[in-house]
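These are my notes from going through one model. I started with the whole chain and then turned to single residues and strands.

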Amino acid sequence: MLFAVLPAVLAALLALAVSRLWSYAVVRLLWRPRAVASMFREQGVRGPPYRYLRGSNEDIRRMKEEADGVELDVHDHDYLKRALPHFVKWKDQYGGPFLYWFGPKPRICIYNYELVKQILANKSGHFMKNDAHPTFLAMFGKGLVMVEGADWVRHRRVVNPAFAMDKLKMMTRTMVSCAECLIKKWEDQAANNKNREIEVELSNQFQELTADVISRTAFGSSYREGKEVFHAQKELQAIMVATFLDVQIPGFKYLPTKRNIRKSMLQKKLRNTLSEMIQCRVASKESRFGDDLLGLMLEACFAKEQGEEHDKLILSIDEIIDECKTFFFAGHETTSHLLTWTIFLLSVYPEWQQRVREEVRRECGKENPSAEMLSKLKEMTMVLLEALRLYCPLISMLRRPISDIKLGSLNLRKDNEIVIPIPILHRDKEVWGDRANEFDPMRFENGITKAAKIPHAHIGFSIGPRSCIGQNFAMLEAKSMLAMIVQKFSFTLSPKYVHAPADKLSLQPKFGLPVILSPLDV
C-alpha cells in the first residue's frame with residue numbers, strides 16, 4: 001500500500017518544488033522586475049537596466065572599486081564621486097528621481113526635499129523602514145530604530161524618559177570623566193617628547209571613547225563589557241560591508257562557510273555579553289533597577305502592575321537585548337564620526353578652531369565643562385551642525401510604503417523601496433545656496449531651521465516622528481569632548497593624512513584621522 005502511493009506523493013512534492021522554483025526564479029526574479037521597470041518608465045522614471053538576480057549590485061561594486069583610489073584635497077568637501085559614484089552617475093544620466101536595483105528589489109532614489117518631507121514627516125504610518133540586511137540585524141538588533149507600528153510606540157514610551165534633558169545633564173559628568181582619562185593619556189605622552197607634540201590617530205580612539213561613554217551612561221556597564229560589545233559589533237560591521245552587495249541566495253546563510261561560522265560566533269558572543277550584563281543588573285537590584293536606559297527597560301520587563309497601561313510599557317528580555325545592541329551601536333557610531341570629521345574641519349580651518357577655543361575659554365574658563373556651560377557654546381554648535389551637514393555619518397535613509405500610494409506625481413506600489421541620499425540633499429544649491437559644498441558654520445548663526453531656504457533642510461538626525469531619539473545625547477557628548485580637547489590642545493592634520501571619505505556603512509575616513517596634538521600652556 002505504501003509503495004503504491006509513494007509515486008503520487010513524490011509527484012506532488014516535485015510539482016510543489018517546480019511551482020516554488022517557478023515563482024522565485026521566473027516571477028520574482030524576472031517577470032516582476034520587468035513589470036516594475038515598465039510601470040516607472042511610463043511615469044518618466046528611468047535608471048540602469050535590471051540584471052537577473054544581481055540587479056545593479058555589480059555596477060555599484062565596480063564603480064566603487066574604480067573610485068576607491070581617488071584622493072581629494074583637504075579643502076574639497078564634495079566627496080560624492082568618491083563615496084557614492086553610482087548615485088552621482090545615475091543622477092547625471094537619468095535625472096531624478098531614478099530607479100535602480102538592489103538585487104531583485106527596485107529602489108527609487110529621491111532627492112527632492114518636498115518628497116522627502118512627505119515621507120519622513122508622515123504621521124499616519126504610510127511609510128516604514130526597509131527590511132534590514134541579516135548581518136545588520138545581527139549587529140544592530142531589532143530595537144527602536146527598526147521596529148514599526150504599535151511595537152515602535154511601545155518601545156519609544158519605555159526608552160524616551162532616559163533621554164530627557166534632566167537625565168542628559170546628569171550624564172555630562174560621566175562624559176567628561178571618560179574624556180578626561182583620554183586627554184590625560186595624551187598629556188603624559190606629549191610630556192615625554194622633546195617637542196611636546198604627539199601624533200594620534202583619532203578616528204579609532206574616538207570610537208572607543210564614545211563606546212565607553214554609552215556603556216557607562218546608558219547601561220552602567222564596565223569598560224571591559226562595553227569593549228567586548230564594541231569589538232563584536234565592529235567585526236560584524238566589517239562583515240556586512242564586505243558582503244553588502246553580494247547576491248542574497250535563499251538558505252546560503254546556513255551553509256558552514258568560514259564567514260558564516262565567524263558571524264554566528266560573534267552573534268552568540270554579543271548576545272551572551274549583553275545577557276550577562278542584564279543578569280548582573282537583575283541580581284543586584286534592591287527596590288529598583290536604576291534610572292538609566294537599561295534600568296528603565298528592566299522596569300518595563302518586570303513591572304508588576306496590571307491593566308492596559310502595563311501592556312503598553314512591557315518589554316521582553318529578547319527585546320531588551322535588541323535595544324542594547326541598537327543603543328550600543330548607535331550611541332557610539334554617530335558621535336565618534338561626528339567628532340572625527342569636526343576635528344578634521346577645525347584642523348583645515350584653524351581660524352574656526354581658534355574661535356571655538358576662545359568661546360570655550362569664555363564660558364568654561366579652565367574648568368571641566370558642565371551641561372549649563374555647554375548649552376552656551378553657540379559657535380561650537382554651529383561648527384558641529386556644519387560638520388554634520390557636510391560629513392553626515394549616515395549616508396542614506398531607506399523607507400517603503402505599506403500600501404500603494406501616490407508620492408508627489410509618483411505612483412508607488414507597496415514595498416517599492418525608497419532611498420533618501422543625505423549627502424546629495426545637503427549639497428542642493430537651490431536649498432543651501434551656491435556655497436553648499438563649502439565649510440561655512442555661519443549659515444547656522446540663526447539656528448538650524450533658518451540655515452537654508454527651507455526649515456527642514458538639515459536631516460542629519462532625520463525629521464518627523466522617527467527622528468533620532470538620541471540626537472541631544474550625541475550633541476551633548478560631542479560638545480563636552482570637543483570643549484575639553486580645544487581647552488588643552490591645538491591640532492593640525494598629520495602629513496600622513498589622506499583625504500578619502502569612504503562609505504563603510506557610515507561615512508568614515510578610509511585611512512583614519514592622524515593629527516598632531518600640541519599641548520597649550522593654560
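Surface first. I noted that the protein chain exposes about 24,700 Å², of which carbon and sulfur atoms supply 54%. The model is a predicted one, and I read every value below with that in mind.

Overall build. I looked up the secondary structure and found 20 helices and 12 strands in the protein chain. The radius of gyration is 25 Å, close to the 24 Å from the globule rule for 522 residues, so the chain is as compact as a globular protein of that length. I also took the span of the C-alpha trace along its principal axes, which is about 90 × 60 × 45 Å.

Burial and contacts. Of the 522 residues, 51% are buried. Among contacts with a separation of 6 or more, I found that 74% are between residues 24 or more positions apart.

Charges. I located the mean position of the 74 positive charges and that of the 62 negative charges; the two points are 4 Å apart.

Cis peptide. Which residues does a cis peptide bond join? I found G96 and P97, with omega at about -5 degrees. P97 sits in the loop that runs from α4 (85-94) to β1 (98-102).

The hairpin after that loop. β1 and β2 form a hairpin with 2 residues between them, and G103 in the turn has a positive phi of about 65 degrees. I counted 5 bridges in this antiparallel pairing of β1 and β2. Y100 stands opposite R107 in β2.

The other partner of β2. I followed β2 to strand β8 (residues 417-421), where the pairing is parallel and has 3 bridges. Here R107 stands opposite E417 in β8. R107 thus turns up in my notes on both pairings, opposite Y100 and opposite E417. Is β2 mostly covered or uncovered? I found it mostly covered, with 4 of its 5 residues (105-109) buried.

Positive phi outside glycine. I checked R196, which is not a glycine and has a positive phi of about 60 degrees. R196 is in the loop between α8 (165-191) and β4 (198-201). Its relative accessible area is 38%, so I entered R196 as partly exposed.

I then checked L505, another residue other than glycine with a positive phi, near 80 degrees. L505 belongs to the loop between β10 (501-504) and β11 (506-509). With a relative accessible area of 28%, L505 is also partly exposed.

Methods
Residues are numbered from 1 along each chain as its sequence is written. This is a predicted model: local features need pLDDT of at least 70, side-chain atom pairs count only at pLDDT 80 or more; totals for chains, interfaces and linings use all residues. Side-chain values use heavy atoms; hydrogens and water are left out. The radius of gyration is taken over C-alpha atoms; the globule rule is 2.2 Å times the number of residues to the power 0.38. Buried means under 20% relative accessible area, exposed over 50%, partly exposed in between (1.4 Å probe, protein chains only). Contact means heavy atoms within 4.5 Å. Accessible areas come from the Shrake-Rupley method with a 1.4 Å probe; for residues, only the protein chains shown count as cover. Lys and Arg count as positive and Asp and Glu as negative; His and the chain ends are not counted. The place of a charge is taken as NZ of Lys, CZ of Arg, CG of Asp or CD of Glu. Two strands pair if DSSP finds at least two bridges between them.
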